[in-house]
Each structure stands twice: as structure tokens, then as C-alpha cells.
Amino acid sequence: YDVELVRLASVPTTEENADRERTLREGIWDVDLESWIEIQNAEHRDVMGSLLEPVIPIGYSGRSGLYVMPYVVNEEKYADWHKFYAKPGLAVSSGFMQANETWLREFLGDKFPVCKHRDYPSCGTGGLEGFWVPDHCMENVSSCIVVEMGEPGWDEGYFEQVINNLKLPMIFAYLGSEGLARRRLELETSQEKVVWYSWSSNWGADFYGGVRISLPDPASTSVIQGYWNYPNGTLAVDYPDVVLLKLLSRKLFPKAPEAYWMLRNFKIEPRELFELLGTTGTSSEAERLAAACQWLKTKHSRITDWAPSCTRNASDTAVFDRSAGSCSMTSKREKCFSESSTIDNSKTVIRLGRRDWLSHDLMRSVAGLLLSEKLGYSVRYMDVSAISAKEWVRILESNEMDAEMESWQVDIYNDLTSLAGNGVIATPTEIGWVGREGLFFMPGLVASDITWAVDFYKFYEGPEARLQNFTVFDHAEALSR
């Protein structure tokens, strides 16, 4: 495939969500491999959910935070603890950097100020242009130290709220993305005492030598959902670990099924991420691409996990089954019907749930053939066998599948009439037969003179079953397993 890297505009958070929704809806981008959407507000998540495939974790988590360099903690033992900064005058007397508008202007040059009052009303003006200053520092700016931030839209308002509500003597200076990266490199050699913002997993994590300042523990990830109250909110706890997710557009599968399945399967474990970070922490984009190439050359088994051979190897005689994302010789079968649908609905994908018993598989296959060959739709078989069948409502509502052709759990766990007209799930209807579970025996393995008795429960009440060599429970054997 030809791959285009799309750089979305950096806009204030109040505009960012609408921009992401618009660009996804217009097909400007198809994939975001590391998204922090879990912390976004519910309205935005709902809109994105209507445009995306069900989100899947990429394999590692992320966490924003405030950091100092290791040499700072070596000199100031408690510099990685928020209460160190709460002691009046201690950080200033210890030599931590303070707000300096002249320094910020010279450092940024023609990019000054990054934090513009017209875009972010909380940004300072006059002699405090480019800074955010909490009320408790406004009366005496010289009593507060500086926190070097990136873009004002990053975690917009989160740490400002925390600092404001904990009354920590800190003023935020916004350096932009490139400026903050350049500044971190300077701090490796300058020995300055500075608090700076970053996130893990990234170049600001402990992996790269940064020491995270501990703030009061958060109760859960939900504490940061919809926190955009700028500096005036009520947050006073640290940023929690956030599960990072892959975002795949619903438009991807119809035009690139192999790419869809590869990206769906694609997962990076934390140890693998650290392998990559170790060679790319301070590099350019070109150097990162070269490092990714060298890393992939050592990951043949992982590539096989992500993309089956028939999608990568022209000499592979198997055929890619786009409905299941796998290679199969049986996929070479002739079409079931000699005359297929003349209507092309292939841009619409219908996802059928797949489980692991025979009748379920047969009903899925029959429905799949009718949908694809008679109605012209693209059909995808979604493996939901690892999800409890009684979760069928959640699976349908979350778009993990569009239909399941044989469900036992509807009748067991839900009143059929209660689901009619809920706007998401159609009223369940009968497939045509009933199912029943039970205990069985193999007639051919039982003596003919007792077959009349073994299919009745009273045969098992006494010693007869054991005397007829039915397997009995061996307590000693069970304990030894």
C-alpha cells in the first residue's frame, strides 16, 4: 500500500475534538495507532465511536506528569515529592529556575509566544506574556518557580488545575513541542534545576532519566474524563495511567482489508516499546524511520502474527480470506452460486459473530454466503468466542458485530420483548429450532443388556454404574494433577 502520514493541526482542545471528528468523517485519515481517546469527554467518544471500528489497546499505557532531571533529586532529596514545593520559599532558595519573560522570548525567537491570550484566555499578558500564573503567585511572582510546558493544548488545564488547587508555587512557561524537546536535551548537560512536563511512554519517562514528581494519587482513570475547565477546575490529584488505543476508521476495511487486519492484529508490548525508545529518544523523524526498519528486521515472528504469509508473499499459494483475516487453501473454493448479485454493496461491511460450535458455524456460513453472493455485501467474521455469550447486548451495542445467527443467551438472560425498539438492537427473532444442554453417554461403549437403564438418572443413584466400569472419581489422582 501507499502510506500517507497526515499531520493534523494543533488547535485548542475546545476545537480539537470537532477537528478530529470532521477529518475522520471526511476520510482525511484512516488510522491513529496511539490515541488517548479514553480521557476525552463522553460526547466526543460517542461521535468517534460511530465513525470507528471498536477500539483496541495498542499494548501499553500512557501517563502525563511533571519531571525533574536525576541530578536535581541527587542534590535535593525530596524534589520528586510535591510537598517539597509546598514549603514556602524552599524551591526558590534551592536554586530552581523562576519565570523570566526575557529568557522565554529569546529562547523561542519568532515563535514567541506559544501561549497566546487570544487562543487561551488563561495565558498571561504584558510582562507575563507566554506564561500561565496561578492567583497565589500573581501577588509575588518572584516567590514561584517555573514549570516548562510544551503546547498549551497538551492536557489543557489539567496540571494547571492541580497546581492551583494544591497551592504549589509554580508558574507555567509554554515552549511548544520542538522547544520542549530541545530544552530537555539542554538540561542533560546544563545542570539547571527546572521542573518540566512530559509523558510516558516517551522521552520524558523514567526510562530516559527523568524523575517523575509524585502528586496525590488519583482514584481512577475516570478522574480525567472531561476535565477541560482550564485552570479553574477542582482537580488536585496526579494523572493516572491511561490505556492507549488504536483507532481504525470504518472506511478502512472495504478499501484495504489486508491493511485492516494487519492493523487490528498489530500490538506492541511495553518491552518492545522500550527497545524502540532506546534508539530513538532524541532522533529526527528520518532517524526514527531507520530505527523502526532495523527493529522490524529482528521481529519476523511478530510480523507473522500481524500479517499472515499470503498477504506478504507472492509465492504463497494460500488465499487471503478477507472475512476472517487469515490465509486458507479452502478460500479458493468456487462461488456457491453461479449467478451472484448484480448489486454492488461491497463498500458496506456486515460483521457476523463467530463462535466455536458446529451449528453456530453453519448458520454463520449460510448467512455469510447469502449476504455476500446474493446481496453483494462485504462480510467479515468477527471472532467473539472469547467473550461470554451472555454479553451479546454489549457486543452488539459496541459495534464488535452486527449479527449473531445462533444465540442461546437471549432466551436465558433477557426478556425478548424488553429489547424491542431500543434504537440500537432489533428485536431478537427465532432461528427456527431450540437447543438443550445435557449429560450424555456413548451407547457403543455400554453393555447391551443395560442400555435400557443407563439413560435414566436412577441408574446412577446406587453402585451399578461403578460396577459396570463407568469412570469414578479418584480423589488421590485429582490431588496429584
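**Helix 6 and a helix for comparison**

Asn 100 caps the N-terminal end of helix 6, with a side-chain oxygen 3.0 Å from the backbone nitrogen of Thr 102. The model is predicted, so local features need pLDDT of at least 70 and side-chain atom pairs count only at pLDDT 80 or more, while totals for chains, interfaces and linings use all residues. Residues are numbered from 1 along each chain as its sequence is written, and side-chain values use heavy atoms, leaving out hydrogens and water.

**Exercise 1.** Work out which residues of helix 6 are buried and what they pack against.

*Solution.*
- Start with the helix, residues 101-108 (helices are DSSP runs of H or I, at least four residues; strands are runs of E, at least two; both are numbered from the N terminus).
- Pick out the buried ones (under 20% relative accessible area with a 1.4 Å probe, protein chains only; exposed is over 50%, partly exposed in between): Glu 101, Leu 104, Phe 107 and Leu 108.
- They sit on the same side of helix 6 because they cover an arc of only 130° around the axis (taken from the directions from the helix axis to the C-beta atoms).
- Now look for partners (contact means heavy atoms within 4.5 Å): these buried residues pack against strand 3 (131-132), strand 5 (170-174) and helix 9 (176-190).
- Just past the helix, Gly 109 has a positive phi of about 60°.

**Exercise 2.** Sort out the buried and exposed sides of helix 2.

*Solution.*
- Within residues 42-51, His 44, Met 48 and Leu 51 are buried.
- Their arc around the axis is only 50°, so they share the same side of helix 2.
- Flip to the other side, and Glu 43 and Asp 46 are exposed.

Definitions and conventions:
Polar contact = N/O pair within 3.5 Å; in protein donor to acceptor, adjacent residues only side chain to side chain.
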